[in-house]
Amino acid sequence: LRILKQTTEGSTIQLTDVLGKKIQEISITGMQGNISLGPELNAGIYYVRIVNSKASSNPVKLIKVQAF
């Protein structure tokens with residue numbers, strides 16, 4: 001995941017499964033750059049969004065495939 005602008009205070013990345021269950025939450029306050037998500041996750045469909053105290057991004061669908 002690439003974050004292009006520096007994030008604001010209280011910003012987090014939320015990773016959920018297709019049922020909406022929160023799998024992971026990462027604090028990204030003041031970050032900018034690349035973040036690696038879920039190397040320990042099983043293959044499947046996930047959604048990721050950036051949330052802070054003022055707003056929330058639209059969810060982005062991620063598909064993790066099994067490595068061969």
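## A tour starting at Lys22

Select Lys22: its relative accessibility is 44%, which makes it partly exposed (buried means under 20% relative accessible area, exposed over 50%, and partly exposed in between, with a 1.4 Å probe and protein chains only). What you are viewing is a predicted model, in which local features need pLDDT of at least 70 and side-chain atom pairs count only at pLDDT 80 or more, while totals for chains, interfaces and linings use all residues. Residues are numbered from 1 along each chain as its sequence is written, and side-chain values use heavy atoms, leaving out hydrogens and water.

**Stop 1: Lys22 and its surroundings**

Lys22 sits in strand 3, residues 22–27. Strands (E, at least two residues) and helices (H or I, at least four residues) are DSSP runs, numbered from the N terminus. Now add Glu25 to the selection. The side chains of Lys22 and Glu25 form a salt bridge, with N to O at 3.3 Å; the term means a side-chain nitrogen of Lys or Arg within 4 Å of a carboxyl oxygen of Asp or Glu. How many salt bridges does the structure hold? The structure has one. Glu25 is partly exposed, because its relative accessibility is 42%.

Next, show Gln14, Leu15 and Thr16. Lys22 is in contact with these three, if its neighbours within four places in sequence are left aside. Contact here means heavy atoms within 4.5 Å. For a longer jump in sequence, select Tyr47: the C-alpha atoms of Lys22 and Tyr47 are 9.5 Å apart, and the two residues are 25 residues apart along the chain.

**Stop 2: Leu19 and the nonpolar patch**

Move to Leu19, in the loop between strand 2 and strand 3. Buried or exposed? Leu19 is exposed, because its relative accessible area is 79%. From Leu19 to Tyr47 the C-alpha distance is 9.8 Å, with their positions 28 residues apart in sequence.

Keep Leu19 selected and add Val18, Ile45, Ile63 and Val65. Together with Leu19 these residues make a nonpolar surface patch of about 550 Å². A patch is made of residues with over 30% relative accessible area and no salt bridge; like charges are joined within 9 Å, and nonpolar side chains (Val, Leu, Ile, Met, Phe, Trp, Tyr) within 5 Å. Within this patch, Ile63 belongs to strand 6. Ile63 counts as exposed because its relative accessible area is 61%.

**Stop 3: Ser11 and Gly10**

Go to the loop between strand 1 and strand 2 (12–17), where Ser11 lies. Ser11 is buried, because its relative accessibility is 2%. Which residues does Ser11 touch, not counting those up to four places away in sequence? Show Ile26, Ser27, Ile28, Thr29, Val51 and Asn52 to see them.

Gly10 is in the loop between strand 1 and strand 2. Gly10 is partly exposed, because its relative accessibility is 42%. With neighbours within four places in sequence left aside, Gly10 is in contact with Thr29, Val51 and Asn52. Add Lys54 as well: Gly10 and Lys54 are 44 residues apart in sequence, and their C-alpha atoms are 9.5 Å apart.

**Stop 4: Asn52**

Select Asn52, in the loop between strand 5 (44–51) and strand 6 (60–64). Asn52 is partly exposed, because its relative accessibility is 24%. What does the side chain of Asn52 reach at 2.8 Å? One partner is the backbone nitrogen of Lys54. The backbone nitrogen of Ala55 also lies 2.8 Å from a polar atom of the side chain of Asn52. Across the chain, the C-alpha atoms of Asn52 and Thr29 are separated by 9.1 Å, although these residues are 23 residues apart in sequence.

**Stop 5: the whole chain**

Clear the selection and colour by pLDDT, the predictor's confidence in each residue, from 0 to 100. The chain averages 82, and 82% of the residues score at least 70. Among the elements, strand 1 (residues 2–3) has the lowest mean pLDDT, 66, and strand 5 has the highest, 92.

Switch to a cartoon view. The chain has six strands and zero helices. Of its 68 residues, 24% are buried. Among contacts between residues at least 6 apart in sequence, 43% join residues at least 24 apart. Finally, show the surface: the chain exposes about 5100 Å², and carbon and sulfur atoms supply 54% of it. Accessible areas come from the Shrake-Rupley method with a 1.4 Å probe, and for residues only the protein chains shown count as cover.

Terms used:
Polar contact = N/O pair within 3.5 Å; in protein donor to acceptor, adjacent residues only side chain to side chain.
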